[in-house]
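Here are my comments on the model you sent, set out as numbered points. I begin with the ligand and its surroundings and then turn to the sheet.

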Amino acid sequence: MKAAYVDRYGPPEVIEVREVAAPSPGPHDVLVRQMASSVSPADCAFRSADPFIVRLFDGLTKPKNPIPGGAVAGVVDAVGAAVARFAPGDRVFGTTDPKPGAMAELVLVPEDGALVAMPDGLDFNQAGGLTYSFLTAMPFLRNEAKLQPGQTILINGAAGSIGTIAVQLAKHMGAKVTAVCSTRNIELVRTLGADIVIDRTKMDFTEGAAKYDTVFDAVGKSSYRACRGILKSGGIYLTTVPSFAILGHMLRGKHADGTRAKLATTGLRPTADKARDMVVLRELVEAGVLRSVIDRVYPLREIAEAHRYVETGTKAGDVIVTIA
Ligand SMILES: NC(=O)c1ccc[n+]([C@@H]2O[C@H](COP(=O)([O-])OP(=O)(O)OC[C@H]3O[C@@H](n4cnc5c(N)ncnc54)[C@H](OP(=O)(O)O)[C@@H]3O)[C@@H](O)[C@H]2O)c1
C-alpha cells in the first residue's frame with residue numbers, strides 16, 4: 001500500500017510517499033481504508049522535531065513511528081475475529097491514537113479506540129478535519145474553562161482549526177463569544193457564530209475594555225501576563241502551546257486578582273477519553289451544531305506541500321489530504 005513516510009526529522013522534503021507492507025488486523029482490530037486525513041501544526045512539529053521535546057515522545061534521533069497523521073476517515077475494509085462493533089463497508093472516522101499512522105491507504109484502529117460511525121451527510125474530507133480540532137477544542141472549553149451559559153469567552157486564533165471549532169462549541173454552550181482574527185477571516189468567524197469579532201490587524205485585543213470569564217488562546221500567540229487585564233476575577237487564561245512562562249504561572253496557581261492560567265495537553269489525553277468524545281462529536285454533527293471549515297485539499301502525493309502550507313500558520317480551518 002502507499003503511505004507517507006518520514007524516516008528522519010527535518011523540513012517538509014523529508015516526507016516521501018512509499019510502498020509499504022499493508023497491515024493485517026489482529027482479533028480486536030479494525031482495518032480502515034483511508035479516504036482523507038488532515039495535516040495540523042502538531043503533525044509538522046512531529047515531522048521536524050521542533051520543539052525538541054517531540055523527540056521524547058517519538059524517538060531521540062529519528063521518528064519511531066514513520067507514518068505520520070492521526071485523523072482517520074474512511075471505510076472499514078476488514079475486521080478481526082472478535083470485533084463486533086464494526087463491519088466491512090462501515091463509514092468511520094476517528095483517530096489512530098495512541099500512535100500516528102493515518103497517512104496510509106490502510107490503517108489499523110483497535111475496536112475500542114477513538115473510532116465511530118460517520119454521520120450521514122458528512123463527507124470524508126469534513127470528517128478527516130473535524131477529529132483533530134474537536135478532540136483538542138472540546139476539553140479546553142468543557143473541562144478547563146467549564147464554560148457556562150451566559151459567560152463570556154474571547155478566542156484568539158479563531159480562524160484556525162481549533163479556533164473555528166471552539167467558536168461553534170462556545171456558542172453551543174451558551175457563551176457570549178468574542179473572536180479574534182485578521183481582516184480576511186472576519187466573515188468566516190461571524191458565520192460560525194461569533195457575537196463580536198476583533199480584527200487583530202487593527203486592534204490589540206489585550207487592550208480592550210471588556211473582561212472575560214475565559215480567554216482561550218487557541219494558537220498560543222499571546223501570554224497570560226498580557227491577557228490578565230482582560231480577565232474577570234476568577235477568570236482563566238487557557239493556551240494550547242507550552243512555554244516556560246505558562247508552566248511557571250500554572251505552578252503558582254490562582255493569582256491575587258483571582259485569575260489563573262493553564263496549558264492543557266488535550267491532544268495527549270488517554271485514547272478512552274477521545275473515544276468517548278468521538279461519540280459526542282458524532283452527535284453534535286448530527287444535530288447540526290458543528291460544521292468543518294476546509295481551507296485546502298491536497299492528494300497524498302503532495303503531502304509535503306500540505307505540510308509547507310500548514311507551516312505558514314495562515315490556514316483557515318483545516319488542511320486535508322485525500323488518500324483514496
Ligand atoms: N495543547 C494541545 O493539546 C494541542 C493539540 C493540538 C494542537 N495544538 C497546537 O495548537 C495550535 C493551534 O493549532 P491550529 O491547528 O488551530 O492552528 P492553525 O489552524 O494553523 O491556525 C492558523 C490561524 O491562526 C491565526 N493566526 C496566525 N498568527 C496569529 C497571531 N499572531 N495571533 C493570532 N492568530 C494568529 C491565523 O488567522 P488570522 O490571521 O485570521 O488570525 C490562521 O488562520 C498549534 O500551535 C498546535 O500545535 C495543541
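1. In this predicted model, the residues of the shell around the ligand divide into ten nonpolar, 14 polar and four charged. The shell comprises 28 residues, and the closest to the ligand are Y132, S182, N185, R200 and K315.

2. As to where these residues come from, the helices α1 (41–48), α3 (124–144) and α4 (161–172) each contribute at least two residues to the shell. Because domain 1 (2–118 + 293–322) and domain 2 (133–267) both give residues to the shell, the ligand lies between the two domains.

3. Oxygen atoms of the ligand take part in several short polar pairs: a polar side-chain atom of R200 is 2.7 Å from one ligand oxygen, while a polar backbone atom of I162 is found at 2.9 Å from a ligand oxygen, and a polar backbone atom of G267 at 2.8 Å from a ligand oxygen. Taken alone, the ligand would expose 940 Å², of which the protein buries 85%.

4. Turning to the sheet, six strands with parallel pairing form an open arrangement in the order β11-β10-β9-β12-β13-β14. Since β11 (196–199) and β14 (260–263) stand at the edges with a single partner strand each, one side of each is left without a neighbour in the sheet. From one strand to the next, the twist averages 15°.

5. Within that sheet, strand β9 (residues 152–156) and strand β10 (residues 176–181) run parallel and are joined by five bridges. For anyone checking the register, L154 stands opposite T178 in β10.

Terms used. Residues numbered from 1 in each chain as written. Predicted model: local features only at pLDDT ≥ 70, side-chain atom pairs only at ≥ 80, totals over all residues. Heavy atoms only, no water. Near = heavy atom within 4 Å. Polar contact = N/O pair within 3.5 Å; in protein donor to acceptor, adjacent residues only side chain to side chain. Areas by Shrake-Rupley, 256 points an atom, 1.4 Å probe, with all protein chains shown as cover. Helix = DSSP H or I, 4+ residues; strand = E, 2+ residues; numbered from the N terminus. Nonpolar A, V, L, I, M, F, W, Y, C, P; charged D, E, K, R; others polar. Domains from an automatic or database assignment. Pairing = 2+ DSSP bridges. Axes fitted to C-alpha atoms, helices over the stretch in contact; angles between N-to-C directions.
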